[in-house]
Amino acid sequence: MRLKKMTQPDFDDFLSFSILDYAKDKVAAGTWSDDESIALATNSFNELLPKGLLFILKMSFYFQ
């Protein structure tokens, strides 16, 4: 395993995957409807990571 500084493309990939996966989990749990899931998941991530990659960079590194 090695540590690598996250780049914007890395973050974009992480965010796309995470939003879709989170939305799918919420639909499977019956919390959200399929129609609203992507918008709600996107809003959740925007609230949790309002500065996007800048927040991640403060954590400095991620495991790869």
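The largest nonpolar core is built from nine residues: M6, F11, I19, A23, W32, A41, F45, L49 and L53. Helix 1 makes the biggest contribution, with three residues, and helix 1 and helix 2 each put in at least two. That fits a familiar pattern: in soluble globular proteins, nonpolar side chains tend to be buried together. The model is a predicted one, and a word on confidence is in order before going further. The average pLDDT over the protein is 87, with 86% of the residues scoring at least 70. Helix 2 comes out best, at a mean of 96, while strand 2 (residues 62-63) sits at the bottom with 54.

As for the overall layout, the protein has three helices and two strands. Read from the N terminus, the order of elements is β-α-α-α-β. Of its 64 residues, 23% count as buried. The exposed surface comes to about 4,800 Å², and carbon and sulfur atoms supply 60% of that area. Among contacts with a separation of 6 or more, 58% are between residues 24 or more positions apart.

Helix 1 covers residues 8-28. Its 21 residues should span 30 Å at 1.5 Å a residue, and the end C-alpha atoms are indeed 30 Å apart, so expectation and model agree. Buried along helix 1 are D10, F11, S18, I19 and A23. F11, I19 and A23 also appear on the list of core residues. D10, another helix 1 residue, has a relative accessible area of 18%, and because the cut-off for buried is under 20%, D10 makes the buried list. The C-alpha atom of D10 lies 9.3 Å from that of L53, although the two residues are 43 apart along the chain. L53 is itself a member of the nonpolar core. Just past the end of helix 1, G30 adopts a positive phi of about 85 degrees.

Helix 2 takes in residues 34-48, 15 residues in total, and reaches 21 Å from its first C-alpha to its last, close to the 21 Å expected. Four of its residues, S37, A41, S44 and F45, are buried. Viewed down the axis of helix 2, the buried residues fall within an arc of 90 degrees, so they line one face of the helix. The spacing is easy to rationalise: an α-helix has 3.6 residues a turn, so residues three or four places apart point the same way. The face turned away from the buried side carries D35 and E47, both exposed.

What, then, covers the buried residues of helix 2? Helix 1 is part of that cover. S44, one of the residues of helix 2, offers a closer look. With a relative accessible area of 17%, S44 is buried. Once neighbours within four places in sequence are set aside, S44 is in contact with Y22 and W32. W32 belongs to the nonpolar core, as do A41 and F45, the two core residues that also appear among the buried positions of helix 2.

Terms used. Residues numbered from 1 in each chain as written. Predicted model: local features only at pLDDT ≥ 70, side-chain atom pairs only at ≥ 80, totals over all residues. Heavy atoms only, no water. Expected span 1.5 Å × (residues − 1). Buried < 20%, exposed > 50% of the residue type's maximum accessible area, 1.4 Å probe, protein only. Arc of directions from axis to C-beta. Contact = heavy atoms within 4.5 Å. Areas by Shrake-Rupley, 256 points an atom, 1.4 Å probe, with all protein chains shown as cover. pLDDT = per-residue confidence, 0-100. Core = buried A, V, L, I, M, F, W, Y, C linked by side-chain atoms within 4.5 Å.
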